[in-house]
Amino acid sequence: MTLNELLEETGWTLATEGADLEKEIDGAYCGDLLSWVMGNGEPGQAWITVQIHMNSIAVAKLREFSCVILADNAALTEEVSAKAEEEDLAIIESHIPVFETAKALVELGI
C-alpha cells in the first residue's frame, strides 16, 4: 500500500508537504523509546508514535521508515514539520490511540 492509498483509506491527515506519497509501506512499527526504535525498526515500515521532535525525524531517516504516523492527538510543532519536509519525510496525523492506529493498519493488510 502506498502512503496516498493509506490517506485515502483512513481519512488521516498529511501534516507535511512535498513528501513522496507513492512510497510503499512494508509494515509498521510502534514505539516511543528512540533507542529501541532505532535498533528494531525496519526500512519501509510506517512508524507509529506519539513522540515527535527533531530526534524522531533523525531516527525515522536513519531507519528509512516510509512515514511517521503521529497518533493520539500528539502535537506536531512547526519546527519539526519543517525539518520533516526538508528531509522528505511524510508525517501523518492519526487522531486515534496508537493501538487503534496499528489495528487500522492491520485491517488494511499492512
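Helices here are DSSP runs of type H or I with at least four residues, numbered from the N terminus. The model is predicted.

**The end of a helix**

Task: Find the residue with positive phi that follows H4, and give its angle.

Solution. Start from the span of H4, which is residues 78–86. Then read on along the chain. Asp88 follows the helix, and its phi is positive, near 55 degrees.

**The two sides of H4**

Task: Sort residues of H4 into buried and exposed, and explain how the buried ones are arranged around the axis.

Solution. Take the cut-offs before sorting: buried is under 20% relative accessible area, exposed is over 50%. Val80, Ser81 and Ala84 are buried. These three cover an arc of only 100 degrees around the axis, so they share one side of H4. Now turn to the other side of the helix. There, Glu78, Glu79 and Glu86 are exposed. Last, look for what lies over the buried residues. The cover includes helix H3 (54–62) and strand E5 (91–93).

**A residue of H3 that meets H4**

Task: Place Met54, classify its exposure and list its contacts beyond four places in sequence.

Solution. Met54 sits in helix H3. Its relative accessibility is 33%, so Met54 counts as partly exposed. Leaving out residues up to four places away in sequence, Met54 touches Glu79, Val80 and Lys83. One of these, Val80, is among the buried residues of H4. For a distance check, take Gly27, which is 27 residues from Met54 along the chain. The C-alpha atoms of the two are separated by 23 Å.

**Salt bridges**

Task: Count the salt bridges in the whole structure, then name the residues of the network.

Solution. Side chains of opposite charge can pair when their charged atoms come close. The search of the whole structure gives 2 salt bridges. Lys83 pairs with Glu86, with the closest N and O atoms 3.2 Å apart. Lys83 also pairs with Glu87, at 3.3 Å from N to O. Lys83, Glu86 and Glu87 are thus linked in a network.

Next, place the partners. Lys83 and Glu86 both lie in H4, 3 residues apart, or about one turn of the helix. An α-helix has 3.6 residues a turn, so residues three or four places apart point the same way.

Finish with exposure. Lys83 is partly exposed, at 27% relative accessible area. Glu87 is also partly exposed, at 27%. Glu86 is exposed, at 58%.

**The sheet**

Task: Write the strand order of the sheet and explain why E1 and E2 each have a side without a neighbour.

Solution. The sheet is open and has 5 strands. Its order is E1-E5-E4-E3-E2, and the pairing is mixed. E1 (13–14) and E2 (28–30) stand at the edges, each with a single partner strand, so one side of each has no neighbour in the sheet.

**Strand E3 and its partners**

Task: Trace the bridges from E2 through E3 to E4, and give the handedness of the crossovers.

Solution. Begin with E2 and E3, which pair in the parallel sense over 3 bridges. Tyr29 has Trp47 of E3 as its bridge partner. Cys30 has Ile48 of E3. Move on to E3 and E4. These strands run parallel and are joined by 4 bridges. Here Ile48 has Ile69 of E4 as its partner. The chain passes from E3 through H3 to E4 in a right-handed β-α-β crossover. E2, helix H2 (residues 34–40) and E3 also form a right-handed β-α-β unit.

Now check the faces of E3. Ala46 and Ile48 are buried on one side, and Trp47 and Thr49 are buried on the other. Both faces of E3 are therefore covered.

**The aromatic pair**

Task: Count the aromatic pairs, then work out which class the rings of Trp47 and Phe65 belong to.

Solution. The structure holds 1 aromatic pair. Its ring centres, in Trp47 and Phe65, are 5.5 Å apart. Centres must lie within 6.5 Å to pair. Planes under 30 degrees apart would be stacked, and planes over 60 edge-to-face. The planes of Trp47 and Phe65 are at 40 degrees, so the pair is tilted. Trp47 lies in E3 (residues 46–49) and Phe65 in the loop between H3 and E4 (67–70), so the pair ties together parts that are 18 residues apart in sequence. Both Trp47 and Phe65 are buried.

Note on methods:
Residues numbered from 1 in each chain as written. Predicted model: local features only at pLDDT ≥ 70, side-chain atom pairs only at ≥ 80, totals over all residues. Heavy atoms only, no water. Buried < 20%, exposed > 50% of the residue type's maximum accessible area, 1.4 Å probe, protein only. Helix = DSSP H or I, 4+ residues; strand = E, 2+ residues; numbered from the N terminus. Arc of directions from axis to C-beta. Contact = heavy atoms within 4.5 Å. Phe/Tyr/Trp six-rings, centres within 6.5 Å; stacked < 30°, edge-to-face > 60°. Pairing = 2+ DSSP bridges. Salt bridge = Lys/Arg side-chain N within 4 Å of Asp/Glu carboxyl O. Right-handed = clockwise from strand over helix to strand, strands pointing away.
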